[in-house]
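Grab your viewer and work through a few packing exercises. Each one has a task and then a solution in steps.

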Amino acid sequence: PPLLLIHGLGANRSDWDSQIPEFSKHYRVIAPDLPGYGDSAKPLRLYSVPYFAQLMWQLCDRLGLEQISIVGHSMGGATALQMAVDAPDRVERMVIANSVPTFTPRNFEEYREFALRMGLMTLFGPRLLATFMSRRMFPRADQTAQRERSIARSKHNHRHTYLVSLLALARWSVRADLPRLRIPTLVIAAEKDYFPFEDVQQFASELPLG
């Protein structure tokens, strides 16, 4: 059965390098680069979560996939949720990691994080942002290899794509659509994710039980 893996903001399909070998034992794994990321084309256009979801469904159509399971991380989780809202009958099950049904900043901490990412990318570009974010994600001395891989992967991000995607995320929400998503969904969170653990718990509680 097909399994679609969708990466997050500022990442690409190589985020799944550790998962693909294991998932491939049980699924036909599809792990694309979203438009504007990795090896995909990077047109100067207005990227958005609905646009990413639309193109992911077009990819599924090209591959002849009527129903799929989806794993989405961060912005990929938002894209997975949007895909489910757009075509709920085509999603068999989902895993949503470090993501919630709206990315709109609501408090000082979230606005500060949003402004920090915007400022670093605008003023200094992808290399410095990649270095900063990788040190936050892999802070320990024994995580040097993971940190270096993350920097190498993210330093080639396209400035326009990242900034437009970040702005689009800040305006995106499918919270009102959650009650009709009767799709088996696993929500994954950790205490040092971008979103507070309480927000993810709230998200999980808003999903229908069956």
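Before we start: a crossing is called left-handed if the near helix is turned anticlockwise from the far one by less than a right angle, and right-handed if clockwise. Also keep in mind that this is a predicted model.

**Exercise 1.** Work out how α2 and α3 cross, and which residues make the contact.

Solution.
- Step 1: Two packed helices are described by the angle between their axes and the distance between the axes.
- Step 2: For α2 (residues 49-62) and α3 (residues 75-86), the axes come within 8 Å and cross at roughly 70°.
- Step 3: Angles of 65 to 115 degrees count as roughly perpendicular, and that makes α2 roughly perpendicular to α3.
- Step 4: Now the hand: α2 passes α3 in a right-handed crossing.
- Step 5: On the α2 side, the contact uses Val 49, Pro 50, Phe 52, Ala 53, Met 56 and Trp 57, while α3 brings Met 75, Ala 78, Thr 79, Gln 82, Met 83 and Asp 86.
- Step 6: Sorted by class, the residues of this α2 contact with α3 are nine nonpolar, two polar and one charged.

**Exercise 2.** Lay out the sheet: what is the strand order, and which strands stand at the edges?

Solution.
- Step 1: The sheet is open, has five strands in the order β2-β1-β3-β4-β5, and its pairing is parallel.
- Step 2: β2 (28-30) and β5 (185-188) each have a single partner strand, so they stand at the edges with one side lacking a neighbour in the sheet.
- Step 3: On average, neighbouring strands are turned by 15° against each other, direction ignored.
- Step 4: Zoom in on one edge: four bridges join β4 (residues 91-97) to β5, and the two run parallel. Val 95 has Leu 186 in β5 as its bridge partner.
- Step 5: Bring back α3, which packs on the sheet and touches β1 (2-6), β3 (68-73) and β4. The direction of α3 makes about 145° with that of β3.

**Exercise 3.** Are α4 and α7 roughly parallel or antiparallel to each other, and what is the hand of their crossing?

Solution.
- Step 1: The axes of α4 (residues 108-124) and α7 (residues 159-170) come within 10 Å and cross at roughly 160°.
- Step 2: Angles over 145 degrees count as roughly antiparallel, and therefore α4 and α7 are roughly antiparallel to each other.
- Step 3: As for the hand, α4 passes α7 in a left-handed crossing.
- Step 4: The contact residues include Phe 114 and Met 118 of α4, and Tyr 162 and Leu 166 of α7.
- Step 5: By class, the α4 contact with α7 has nine nonpolar, one polar and two charged residues.

Notes:
Residues numbered from 1 in each chain as written. Predicted model: local features only at pLDDT ≥ 70, side-chain atom pairs only at ≥ 80, totals over all residues. Heavy atoms only, no water. Axes fitted to C-alpha atoms, helices over the stretch in contact; angles between N-to-C directions. Parallel < 35°, antiparallel > 145°, perpendicular 65-115°, else oblique. Contact = heavy atoms within 4.5 Å. Nonpolar A, V, L, I, M, F, W, Y, C, P; charged D, E, K, R; others polar. Pairing = 2+ DSSP bridges.
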